[in-house]
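I opened the notebook to look up how the parts of this structure touch one another. The entries below follow the order in which I went through them.

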Amino acid sequence: MLSRTERTVSLAVLLLAAVVTLYPLVALVTTALAPAAGSGGLSFGGHPSASGFTFAWRVGDFSRYMLNTAIVTVTVVVVSAVFAIMAGYAIALARPPGAKWVLYAAVFGFMLPVEALIVPWYYQFRTFNVVNTYWAMILPQVAQSIAFGTFWMYVAFRSVPPSLAESARMDGASPFALLWRILVPNVAPAVKTMAALVFLWTWNAFLLPLVMISNSSLYTVTVGLSVFEGAHFNNYSALAAGSVLAALPVVIVYLFAQRSFIKGIFAGSLVE
Amino acid sequence: MVSPRTKSRRRRQEIVSGYLYLTPAVLFLGALIIYPLVKAVQYSLQDWDGIGVARWVGLANYTRIFTNSVERGSLVNLAILLVFYSLIPVALSLVAVNLMRRSRQRGMGFFRVVYFLPQVVVTVVVAIVWTWLLAPSGTGTVNALFGTGTPWLGSFSWALPAVGLVASWLDFGLAFVLLLPGIQRIPPEIYDAARVDGAGLLREFCRITLPMLRRDIAAAITITAVAALQSFTLIYQATNGGPGYTTMVPGLLIYRDAFQLGDVGSASALGIVMTVIVFVITFGVRSLIERNAT
């Protein structure tokens, strides 16, 4: 049996780690609730005020940045999920000759760092005049998400018992109905995880919109926040409020679907 | 019974629909992953400012990475950051999962949710709040807590470890979550038996935990190390590579070379080198583990 002391010490250490993890985030929220342009510096306690948020929302144009990010993120999540489900199904179950090569290409693509592709992406898009549009942010993000999703859905579909597809075919289900009505509901948790991760990656994307967008009305919230920081670095509460706004959607999704998020991070170890 | 004829007709239908379903993925992967990668290799062999005429220079851009002090320095910084992004979080989370296992701590769900939280906070936000916490002075800053007065991010000697500290804070939860299921898989009886034999904490750790978690540790090291290569956002926002070039990393150099200095060739060569590093880390750690296993 473990001694009481050891148990207490381990709990203390684990709690200390939790405090260190949470402290910066708590400091951010309390600073966001301080009066705008007040003290300068982190702020704790005092009367909560929404003025930081109003400043960020109106003057900082965060309403627009949030909308832009939402448009890009939702499009990427939906489009890449549909295409990845289709490809994952084709490789795992329909298995036309040569399909495995798409799987290899997807795994390879999933491993490529954005930094290696950003330069050719930019010049490709400049040629086709799509720099400074939503497309310039959406298309590369969809491609990378498909690379991950194809592999992820392939693994999910492979674990579906073959008898399920077989009996559906016996009942005369078309390939379309088979996939969307029978197989997809069966792998719903994998789809949820994929959507959660793509949501996180797209919302968090920084280098891509930074390079592709110079028109401030198209800024995503990450680039908008970075530019806002440059212009109002002394307005701690407005900056903190903008930061909270930028972070909140992903944190909310995480708190509701944390199991999905955590399952997804094992994708990297599956590749090996 | 289904006749063989219906069966082969079905198979044909399946193959056709299979190709149809693969088409969008193939188009996206081909046009936006494979083709750009080929283009990146092509750029990396050229001297091009992004506007004028490109000139073939062979491997000059690559040799410069290892001779130019800024570019070589960025790779050295990356190597140092690997310690902070990968080794430190993995070591700390090994301690944490062990404490959790030994004390059979309750509320594991709580710790998991909290430790992983930094991973889902937008990186620009992480950089901003840590810039404040690492400021030379002010309420609630690291300096105020420890009674010091170091301008962490502005100091030539402290900036890189300070950024590294933020990276460790970020990746601790990632490593923790990657190791937790592994340690839960180890049957408690093994530890009980070791304890009966009088194995101490350290022996227990080296004889049971470490070997049984080998694969999980390898996965955690790989995933966190690959995250270190994506340090662009954190560095750009926190220090922008400074002071001087003390926190310059390959990702930031690519951005600067290609989009501010008009040196597309150098940027592309560095991108290819980063790609190679990702593959070396992924397959290197794996083969190391496989070899030690036998």
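**Helix pair, domains and chain contact**

I began with handedness, and noted that α7(A) and α8(A) cross in a right-handed manner. I should record at the outset that this is a predicted model.

I then looked up the geometry of the pair: helix α7 (residues 162-170) of chain A packs against helix α8 (residues 175-186) of chain A at an angle of about 155°, and their axes are 11 Å apart. Because angles over 145 degrees count as roughly antiparallel, I entered α7(A) as roughly antiparallel to α8(A).

For the residues behind this contact, I listed A:L164, A:A165, A:A168 and A:R169 from α7(A), and A:L178, A:I182, A:L183 and A:N186 from α8(A). Sorted by character, the residues of this contact come out as six nonpolar, one polar and one charged.

Next I turned to chain B, which is divided into domain 1 (4-44) and domain 2 (62-293). I found the C-alpha centres of domain 1 and domain 2 of chain B to lie 36 Å apart, and I noted that four residues of domain 1 of chain B are in contact with six residues of domain 2 of chain B. On the domain 1 side of that contact in chain B, I recorded three nonpolar residues, one polar and no charged.

Last, I looked up the contact between the chains, where 80 residues of chain B meet 75 residues of chain A. On the side of chain B that touches chain A, helix α1 (residues 4-44) of chain B gives the most, with 22 residues. I closed the entry with the make-up of that side of chain B, which is 55 nonpolar, 20 polar and five charged residues.

Conventions: Residues are numbered from 1 along each chain as its sequence is written. Chains are lettered from A and ligands numbered from 1 in the order in which they are written. This is a predicted model: local features need pLDDT of at least 70, side-chain atom pairs count only at pLDDT 80 or more; totals for chains, interfaces and linings use all residues. Two residues are in contact if their C-beta atoms, placed from the backbone, lie within 7 Å. Helices (H or I, at least four residues) and strands (E, at least two) are DSSP runs, numbered from the N terminus. Ala, Val, Leu, Ile, Met, Phe, Trp, Tyr, Cys and Pro count as nonpolar, Asp, Glu, Lys and Arg as charged, and the others, Gly among them, as polar. Axes are lines fitted to C-alpha atoms, for helices over the stretch in contact, and angles run from 0 to 180 degrees between N-to-C directions. Angles under 35 degrees count as roughly parallel, over 145 as roughly antiparallel, 65 to 115 as roughly perpendicular and the rest as oblique. A crossing is left-handed if the near helix is turned anticlockwise from the far one by less than a right angle, and right-handed if clockwise. Domain bounds come from an automatic or database domain assignment.
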